[in-house]
Amino acid sequence: MSIVFELFKIVVGFILLIKGADFFVDGASAVAKKLGVPELVIGLTIVAFGTSAPEAAVSLSAALRGNNGISIGNVIGSNIMNVLLILGLTAIITSLKVKRATVRVDIPVVIGSTILMVFWGLVGGKLTRLTGIIFLLILIGYMVYLFWYSKHAEDEDEGDEIKDLRTWTIPLYLLGGLAAIIFGSDVTVDGATEVAKVFGVSDRLIGLTIVAFGTSLPELVTSVTAARKGSADIAIGNIVGSNLFNILFILGMTSVMIDLPYMAQGANFLVDGFVALYAIFLLFILVVKNKELGRKGGILMLISYAGYFAYLLINK
């Protein structure tokens, strides 16, 4: 089949994933608002899940089809790209402020989850059902913390602006968004798999680059747009929340359903896992003192991603 057609499928799939996530988030946020859920919780849970929905759909779809390299590569690649590339680009546009709670709790939770992922993959060679259960339990604990924080934080910011939808349109937003996400993930995985076959590259490389970039587009658009509008303080929170959901929810749900090889031939994520750990440690080091990510930090992040991308090209 024509490579042009497969690339077209990937583009169409990405569009469906992004717009589907937008509609799903709007619908879910409207439901939460009508039920009286605090906006901060909506922003840190529903919106974070919504921007991670493309990764979730692609990873689950790929795993069920046996393309495990795409499944786990998509998550690790997205987490690396979110921090080093997206935050790097955003920080060059404007300095990014970060909340104390993000530095003290959210980023350390991502660091701990990433360490657990890398350790489990190194020791067992794969992420198993037990891994997934532990990830999901950590996620539940984190969600409980978010609800507590929303009730007790004194200097909390307002969440993202929530559309005031008419009640009868909410199911359309939810079902339509979900349908677009599911269909978009199928189209994207199909296209990416065929492209990998044509060029003779591994599912791992496709997952870490092309698919990771496409599923990270919601985070990229959100962060850059926020920075340009002067709302740069939410950019890091969105990225950290998305990375947390990527590991705890996506890898958690996927590994509960099927074992994900971590050190297998054609799907060896040894270096990539450590790069993901380096990325989140670098973010922590850059913001822990002044609670701000400046232009120099952004440049360092972009240089780091350039080095990692060069490694991928050399070791494809």
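## Overall picture

Of the 316 residues in the protein, 54% are buried. Keep in mind as you scroll through that this is a predicted model. Its secondary structure adds up to 11 helices and six strands. Take the contacts between residues at least 6 apart in sequence: 84% of them join residues at least 24 apart. On the outside, the accessible surface comes to about 13,900 Å², and carbon and sulfur atoms own 67% of that.

## How far to trust it

The mean pLDDT of the protein is 80, with 81% of residues at 70 or more. Confidence is highest in helix α10 (residues 270-287), where the mean is 94, and lowest in helix α8 (residues 217-228), where the mean is 67. Then there is the stretch 155-159, where pLDDT is below 50; beyond near neighbours in sequence, it still has 11 contacts in the model. Where pLDDT is low, the predicted coordinates shouldn't be read in detail.

## Ser78 and Asn79 in helix α3

Ser78 sits in helix α3, which covers residues 68-93. Is Ser78 buried or exposed? Its relative accessibility is 0%, so Ser78 counts as buried. A polar atom of the Ser78 side chain lies 2.7 Å from the backbone oxygen of Asn74. Leaving out residues up to four places away in sequence, Ser78 touches Glu55, Gly73, Ala212, Thr215, Ser216, Asn243 and Asn246.

Next along is Asn79, also placed in helix α3. Asn79 counts as buried because its relative accessibility is 6%, under the 20% cut-off. Which side chain does Asn79 meet in a polar contact of 2.7 Å? That partner is Asn246, again side chain to side chain. Setting aside neighbours within four places, the contacts of Asn79 are Asn243, Asn246 and Ile247. Asn243 and Asn246 also turn up on the contact list of Ser78.

## Two salt bridges

Side chains of opposite charge can pair when their charged atoms come close. How many salt bridges does the structure hold? There are two. One joins Lys9 and Glu6, with the closest N and O atoms 3.4 Å apart. Lys9 and Glu6 are three residues apart in helix α1 (residues 3-34), so about one helical turn separates them. Glu6 is buried, with a relative accessible area of 2%, and Lys9 is buried too, at 17%.

The other pairs the side chains of Asp259 and Lys126, at 3.4 Å from N to O. This pair links distant parts of the chain: Lys126 is in strand β2 (residues 126-127), while Asp259, 133 residues apart from it, is in the loop between α9 (235-257) and β3 (260-261). Asp259 is partly exposed, at 33% relative accessible area. Lys126 counts as partly exposed as well, at 36%.

## A greasy stretch of surface

If you're hunting for nonpolar surface, here's a patch of about 750 Å². Its members are Ile115, Phe119, Leu122, Val123, Met263, Leu270, Val271, Phe274 and Phe281. Which helices each supply at least two residues of the nonpolar patch? Those are α4 (100-124) and α10.

Phe119 is one of the patch residues, and its place is in helix α4. Phe119 counts as exposed because its relative accessible area is 52%, with the line drawn at over 50%.

## Leu312 and Lys291

Leu312 lies in helix α11 (residues 295-314). With a relative accessible area of 1%, Leu312 is buried. In sequence, Leu312 and Leu205 are 107 residues apart; in space, their C-alpha atoms are 7.2 Å apart. Leu205 is also among the residues Leu312 touches, along with Arg204, Leu208, Thr209 and Asp272, if you don't count residues up to four places away.

One backbone angle to check is that of Lys291, which has a positive phi of about 55 degrees although it isn't a glycine. Where is Lys291 found? Lys291 is in the loop between α10 and β6 (292-293). The relative accessible area of Lys291 is 24%, so this residue is partly exposed.

Technical notes: Residues are numbered from 1 along each chain as its sequence is written. Side-chain values use heavy atoms; hydrogens and water are left out. Helices (H or I, at least four residues) and strands (E, at least two) are DSSP runs, numbered from the N terminus. Buried means under 20% relative accessible area, exposed over 50%, partly exposed in between (1.4 Å probe, protein chains only). A polar contact is a pair of N or O atoms within 3.5 Å; within protein, one must be able to donate a hydrogen and the other to accept it, and residues adjacent in sequence count only if both atoms are side-chain atoms. Contact means heavy atoms within 4.5 Å. pLDDT is the predictor's confidence in each residue, from 0 to 100. Patches are made of residues with over 30% relative accessible area and no salt bridge: like charges are joined within 9 Å, nonpolar side chains (Val, Leu, Ile, Met, Phe, Trp, Tyr) within 5 Å. Accessible areas come from the Shrake-Rupley method with a 1.4 Å probe; for residues, only the protein chains shown count as cover. A salt bridge is a side-chain nitrogen of Lys or Arg within 4 Å of a carboxyl oxygen of Asp or Glu.
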